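Colleague: I should like to learn how to read a model of this kind, feature by feature. Where should we begin?

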Amino acid sequence: MVLKYKSYWRKTGLKGKWGNIFLEQLKEYKPKNFLEIGVFCGVTARNTCDYLSQIHGNQFSYIGVDLFGGSQKNYKDEIEPNFLKNQKFSNPLKNIYYNYIIKENLNSLASNKKLLQKYEKNTQLIAGDTNEILKNIDLSSIDFVFLDGGHSYETVLNDLEEIYKSLKNRNKVILCDDYGEASFIKEVKNAIDDFTKSNNIRISIIENRFAKLIT
Ligand SMILES: C[S@@+](CC[C@H](N)C(=O)[O-])C[C@H]1O[C@@H](n2cnc3c(N)ncnc32)[C@H](O)[C@@H]1O
(Lines give C-alpha, C1' and ligand atoms only; values in the text may rest on other atoms or scores of the structure.)
Protein backbone atom coordinates (compact mmCIF):
# COMPACT_ATOMS: atom_id res chain seq x y z
CA MET A 1 0.00 0.00 0.00
CA VAL A 2 1.42 3.39 -1.04
CA LEU A 3 1.24 5.98 1.72
CA LYS A 4 0.35 9.44 0.53
CA TYR A 5 -0.45 12.25 2.96
CA LYS A 6 -3.00 14.56 1.34
CA SER A 7 -3.32 18.25 2.15
CA TYR A 8 -7.07 18.54 1.46
CA TRP A 9 -6.33 22.10 0.29
CA ARG A 10 -5.97 23.21 3.91
CA LYS A 11 -3.10 24.11 6.25
CA THR A 12 -1.09 21.45 8.03
CA GLY A 13 1.78 21.20 10.46
CA LEU A 14 3.21 18.34 8.38
CA LYS A 15 4.02 19.88 5.03
CA GLY A 16 6.00 18.26 2.20
CA LYS A 17 7.73 15.00 3.10
CA TRP A 18 6.71 15.18 6.78
CA GLY A 19 3.19 13.90 6.29
CA ASN A 20 4.44 10.67 4.71
CA ILE A 21 7.10 10.24 7.40
CA PHE A 22 4.29 10.53 9.97
CA LEU A 23 2.17 7.95 8.09
CA GLU A 24 5.14 5.56 8.08
CA GLN A 25 4.95 5.58 11.87
CA LEU A 26 1.26 4.62 11.74
CA LYS A 27 2.17 1.85 9.32
CA GLU A 28 4.81 0.55 11.72
CA TYR A 29 2.54 0.45 14.81
CA LYS A 30 -0.95 0.08 13.27
CA PRO A 31 -2.73 1.68 16.25
CA LYS A 32 -6.45 1.17 16.76
CA ASN A 33 -7.06 4.03 19.16
CA PHE A 34 -5.30 7.26 18.32
CA LEU A 35 -5.00 10.56 20.20
CA GLU A 36 -3.86 13.80 18.61
CA ILE A 37 -3.08 16.78 20.84
CA GLY A 38 -3.24 19.85 18.59
CA VAL A 39 -5.62 19.24 15.67
CA PHE A 40 -5.18 22.65 13.96
CA CYS A 41 -7.03 22.36 10.61
CA GLY A 42 -7.57 18.61 10.83
CA VAL A 43 -5.34 17.50 7.96
CA THR A 44 -3.30 15.04 10.03
CA ALA A 45 -6.55 13.91 11.68
CA ARG A 46 -8.13 13.18 8.30
CA ASN A 47 -5.04 11.39 6.96
CA THR A 48 -4.86 9.34 10.14
CA CYS A 49 -8.51 8.28 9.78
CA ASP A 50 -8.02 7.55 6.06
CA TYR A 51 -5.13 5.23 6.88
CA LEU A 52 -6.62 3.57 9.96
CA SER A 53 -9.86 2.86 8.10
CA GLN A 54 -7.85 1.24 5.29
CA ILE A 55 -6.16 -1.17 7.69
CA HIS A 56 -8.84 -1.65 10.38
CA GLY A 57 -12.12 -0.98 8.55
CA ASN A 58 -14.51 0.51 11.06
CA GLN A 59 -12.55 -0.78 14.06
CA PHE A 60 -10.56 2.30 15.05
CA SER A 61 -11.01 5.51 16.99
CA TYR A 62 -9.51 8.98 16.76
CA ILE A 63 -9.65 11.57 19.57
CA GLY A 64 -8.46 15.10 18.79
CA VAL A 65 -8.00 17.84 21.38
CA ASP A 66 -7.48 21.49 20.49
CA LEU A 67 -8.41 24.95 21.70
CA PHE A 68 -10.39 25.32 18.46
CA GLY A 69 -10.09 29.02 19.42
CA GLY A 70 -12.48 30.70 17.01
CA SER A 71 -15.32 28.33 17.71
CA GLN A 72 -15.81 28.86 21.43
CA LYS A 73 -19.46 29.79 21.84
CA ASN A 74 -19.12 32.43 24.52
CA TYR A 75 -16.46 34.38 22.64
CA LYS A 76 -17.74 33.84 19.14
CA ASP A 77 -18.93 37.37 18.46
CA GLU A 78 -15.73 38.98 19.66
CA ILE A 79 -13.11 36.56 18.45
CA GLU A 80 -14.33 35.25 15.13
CA PRO A 81 -13.70 38.36 12.98
CA ASN A 82 -10.18 38.78 14.35
CA PHE A 83 -9.36 35.15 13.83
CA LEU A 84 -10.57 35.22 10.26
CA LYS A 85 -8.51 38.30 9.58
CA ASN A 86 -5.46 36.52 10.97
CA GLN A 87 -6.03 33.26 9.12
CA LYS A 88 -3.12 33.66 6.74
CA PHE A 89 -2.41 31.64 3.60
CA SER A 90 0.60 31.93 1.32
CA ASN A 91 -1.66 30.86 -1.56
CA PRO A 92 -3.79 33.92 -2.48
CA LEU A 93 -6.55 31.69 -3.90
CA LYS A 94 -6.95 30.00 -0.52
CA ASN A 95 -7.04 33.40 1.14
CA ILE A 96 -9.88 34.55 -1.13
CA TYR A 97 -11.74 31.25 -0.90
CA TYR A 98 -11.60 30.67 2.86
CA ASN A 99 -11.51 34.23 4.20
CA TYR A 100 -13.83 36.02 1.76
CA ILE A 101 -16.01 33.51 -0.10
CA ILE A 102 -16.95 30.78 2.34
CA LYS A 103 -15.65 32.64 5.44
CA GLU A 104 -14.55 29.45 7.10
CA ASN A 105 -12.20 29.34 10.04
CA LEU A 106 -10.20 26.17 9.35
CA ASN A 107 -9.23 25.73 13.01
CA SER A 108 -12.84 25.87 14.20
CA LEU A 109 -14.59 22.85 15.62
CA ALA A 110 -17.26 23.10 12.90
CA SER A 111 -14.70 23.11 10.06
CA ASN A 112 -12.82 20.15 11.55
CA LYS A 113 -16.05 18.21 12.04
CA LYS A 114 -16.93 18.78 8.40
CA LEU A 115 -13.54 17.48 7.24
CA LEU A 116 -13.93 14.38 9.42
CA GLN A 117 -17.62 13.80 8.67
CA LYS A 118 -16.91 10.59 6.76
CA TYR A 119 -15.56 9.16 10.03
CA GLU A 120 -18.17 10.69 12.31
CA LYS A 121 -18.71 7.44 14.23
CA ASN A 122 -15.00 6.89 14.85
CA THR A 123 -13.95 10.40 15.82
CA GLN A 124 -14.28 12.61 18.84
CA LEU A 125 -13.12 16.23 18.84
CA ILE A 126 -12.69 17.87 22.23
CA ALA A 127 -12.33 21.63 22.62
CA GLY A 128 -10.28 23.04 25.47
CA ASP A 129 -6.89 23.71 26.96
CA THR A 130 -5.02 20.46 27.62
CA ASN A 131 -3.70 21.93 30.88
CA GLU A 132 -7.29 21.87 32.12
CA ILE A 133 -9.09 19.09 30.27
CA LEU A 134 -6.62 16.31 29.50
CA LYS A 135 -6.88 14.93 33.04
CA ASN A 136 -10.63 14.40 32.54
CA ILE A 137 -10.37 12.46 29.25
CA ASP A 138 -10.33 8.67 29.36
CA LEU A 139 -7.07 7.64 27.68
CA SER A 140 -7.08 4.04 28.87
CA SER A 141 -7.52 2.53 25.40
CA ILE A 142 -5.17 4.88 23.51
CA ASP A 143 -2.26 3.14 21.82
CA PHE A 144 -0.67 5.95 19.81
CA VAL A 145 -0.40 9.67 20.66
CA PHE A 146 0.73 12.46 18.36
CA LEU A 147 1.72 15.30 20.71
CA ASP A 148 1.60 18.57 18.78
CA GLY A 149 -0.49 21.02 20.83
CA GLY A 150 0.76 23.85 23.06
CA HIS A 151 4.53 24.28 22.69
CA SER A 152 5.43 25.91 26.02
CA TYR A 153 7.56 23.95 28.50
CA GLU A 154 4.69 23.78 31.02
CA THR A 155 2.10 22.55 28.52
CA VAL A 156 4.33 19.88 26.97
CA LEU A 157 5.29 18.62 30.42
CA ASN A 158 1.67 18.65 31.60
CA ASP A 159 0.51 16.78 28.49
CA LEU A 160 3.25 14.14 28.74
CA GLU A 161 2.54 13.56 32.43
CA GLU A 162 -1.21 13.23 31.90
CA ILE A 163 -0.79 10.90 28.92
CA TYR A 164 1.77 8.79 30.76
CA LYS A 165 -0.62 8.17 33.67
CA SER A 166 -2.72 6.06 31.28
CA LEU A 167 0.00 4.65 28.98
CA LYS A 168 2.72 3.75 31.48
CA ASN A 169 4.16 0.21 31.12
CA ARG A 170 1.80 -0.57 28.21
CA ASN A 171 4.36 -0.41 25.40
CA LYS A 172 2.46 2.34 23.59
CA VAL A 173 3.80 5.17 21.42
CA ILE A 174 4.01 8.91 22.10
CA LEU A 175 5.28 10.71 19.00
CA CYS A 176 6.25 14.30 19.81
CA ASP A 177 6.72 16.96 17.15
CA ASP A 178 9.36 19.73 17.11
CA TYR A 179 12.10 17.96 19.08
CA GLY A 180 14.89 17.70 16.50
CA GLU A 181 16.68 20.34 14.46
CA ALA A 182 14.33 20.08 11.48
CA SER A 183 11.62 21.94 13.46
CA PHE A 184 13.39 22.59 16.76
CA ILE A 185 11.53 24.32 19.61
CA LYS A 186 13.72 24.69 22.70
CA GLU A 187 10.88 24.55 25.28
CA VAL A 188 9.49 21.39 23.67
CA LYS A 189 12.88 19.66 23.71
CA ASN A 190 13.57 20.71 27.31
CA ALA A 191 10.20 19.41 28.52
CA ILE A 192 10.64 16.07 26.69
CA ASP A 193 14.20 15.70 28.00
CA ASP A 194 13.15 16.41 31.61
CA PHE A 195 10.12 14.13 31.38
CA THR A 196 11.99 11.19 29.86
CA LYS A 197 14.87 11.58 32.30
CA SER A 198 12.64 11.51 35.37
CA ASN A 199 10.66 8.51 34.04
CA ASN A 200 13.62 6.65 32.62
CA ILE A 201 12.27 6.51 29.05
CA ARG A 202 14.51 6.31 26.00
CA ILE A 203 13.98 8.78 23.14
CA SER A 204 14.32 7.75 19.48
CA ILE A 205 14.63 10.65 17.08
CA ILE A 206 12.81 10.23 13.77
CA GLU A 207 14.29 12.06 10.75
CA ASN A 208 15.81 14.74 12.97
CA ARG A 209 12.35 16.07 13.90
CA PHE A 210 10.05 13.80 15.93
CA ALA A 211 10.87 12.33 19.35
CA LYS A 212 9.38 8.88 19.81
CA LEU A 213 8.80 7.61 23.33
CA ILE A 214 7.73 4.02 24.03
CA THR A 215 5.87 3.82 27.34
C1 LIG B 1 1.12 22.97 15.35
S2 LIG B 1 -0.61 23.01 15.48
C3 LIG B 1 -1.04 21.31 15.28
C4 LIG B 1 -0.81 20.81 13.89
C5 LIG B 1 -1.50 19.49 13.56
N6 LIG B 1 -1.11 18.43 14.46
C7 LIG B 1 -1.19 19.08 12.14
O8 LIG B 1 -0.51 18.07 11.94
O9 LIG B 1 -1.60 19.80 11.22
C10 LIG B 1 -0.86 23.26 17.20
C11 LIG B 1 -2.32 23.27 17.63
O12 LIG B 1 -2.33 23.16 19.06
C13 LIG B 1 -3.39 23.92 19.58
N14 LIG B 1 -3.07 24.25 20.97
C15 LIG B 1 -2.15 25.14 21.40
N16 LIG B 1 -2.10 25.18 22.75
C17 LIG B 1 -3.05 24.29 23.18
C18 LIG B 1 -3.50 23.88 24.46
N19 LIG B 1 -2.96 24.37 25.58
N20 LIG B 1 -4.49 22.98 24.52
C21 LIG B 1 -5.05 22.46 23.38
N22 LIG B 1 -4.63 22.80 22.15
C23 LIG B 1 -3.65 23.70 22.04
C24 LIG B 1 -3.51 25.12 18.66
O25 LIG B 1 -4.82 25.61 18.67
C26 LIG B 1 -3.09 24.54 17.30
O27 LIG B 1 -4.23 24.21 16.53
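Modeller: Let us begin with accessibility. A residue counts as buried under 20% relative accessible area, as exposed over 50%, and as partly exposed in between. The model before us is predicted. Take Asn91 as the opening case: its relative accessibility is 26%, so Asn91 counts as partly exposed.

Colleague: Where does Asn91 lie in the chain?

Modeller: Asn91 belongs to the loop between α3 (76-86) and α4. Its C-alpha atom is separated by 28 Å from that of Val2, a residue 89 positions away along the chain.

Colleague: How should I read a separation along the chain against one in space?

Modeller: The two are read side by side, as a pair of values. For Ile142 and Asn33, the separation is 109 residues along the chain, and the C-alpha atoms are 4.8 Å apart. For Lys186 and Ala110, the sequence separation is 76 residues and the C-alpha distance is 33 Å. Asn200 and Thr215 are 15 residues apart in sequence, with 9.8 Å between their C-alpha atoms.

Colleague: Is Ile142 buried or exposed, and which loop holds it?

Modeller: Ile142 has a relative accessible area of 1%, and therefore it is buried. Its loop is the one between α6 (130-133) and β4 (144-147).

Colleague: What may be said of Lys186 and Asn200 in those terms?

Modeller: Lys186 is placed in helix α8, which covers residues 186-199. Its relative accessible area is 51%, so Lys186 is exposed. Asn200 is found in the loop between α8 and β6, and at a relative accessible area of 75% Asn200 is exposed as well.

Colleague: How do I recognise a polar contact made by a side chain?

Modeller: One looks for a pair of N or O atoms within 3.5 Å; within protein, one of them must be able to donate a hydrogen and the other to accept it. Thr196, in helix α8, offers a case: a polar atom of its side chain lies 2.7 Å from the backbone oxygen of Ile192. Thr196 is buried, because its relative accessible area is 4%.

Colleague: Which backbone oxygen lies 2.7 Å from a polar side-chain atom of Ser108?

Modeller: That of Asn105. Ser108 sits in the loop between α4 (92-101) and α5 (109-115), and with a relative accessible area of 6% Ser108 is buried.

Colleague: How should I read the sign of phi?

Modeller: Most residues other than glycine have a negative phi. Positive values are therefore worth noting when they occur outside glycine. In this model, Asn171 has a phi near 60°, and phi of Asn208 is likewise near 60°.

Colleague: Where are Asn171 and Asn208 found, and what is the accessibility of each?

Modeller: Asn171 is in the loop between α7 (153-167) and β5 (173-176); with a relative accessible area of 61%, Asn171 is exposed. Asn208 is in the loop between β6 (203-206) and β7 (210-214); its value is 40%, so Asn208 is partly exposed.

Colleague: Let us turn to the ligand. In which pocket does the ligand sit, and which residues come nearest?

Modeller: The ligand sits in the largest pocket. There are 21 residues around the ligand, and those that come nearest are Gly13, Glu36, Gly38, Thr44 and Asp66. By class, this shell has 12 polar, 5 nonpolar and 4 charged residues.

Colleague: What polar atoms does the protein place beside the ligand?

Modeller: Three pairs may be named. A polar backbone atom of Phe40 is 3.3 Å from an oxygen atom of the ligand. A polar backbone atom of Leu67 is 3.3 Å from a nitrogen atom of the ligand. Asp129 contributes a polar side-chain atom, which lies 3.0 Å from a nitrogen atom of the ligand.

Colleague: How much of the ligand's area does the protein bury?

Modeller: The ligand exposes 610 Å² when taken alone, and the protein buries 84% of that.

Methods. Residues numbered from 1 in each chain as written. Predicted model: local features only at pLDDT ≥ 70, side-chain atom pairs only at ≥ 80, totals over all residues. Heavy atoms only, no water. Near = heavy atom within 4 Å. Areas by Shrake-Rupley, 256 points an atom, 1.4 Å probe, with all protein chains shown as cover. 1 Å grid on protein atoms, 1.4 Å probe; cavity = no way out; pocket = protein on both sides within 12 Å on 5 of 7 lines; lining within 4 Å. Sits in = over half its atoms within 2 Å of the grid points. Nonpolar A, V, L, I, M, F, W, Y, C, P; charged D, E, K, R; others polar. Helix = DSSP H or I, 4+ residues; strand = E, 2+ residues; numbered from the N terminus. Buried < 20%, exposed > 50% of the residue type's maximum accessible area, 1.4 Å probe, protein only.
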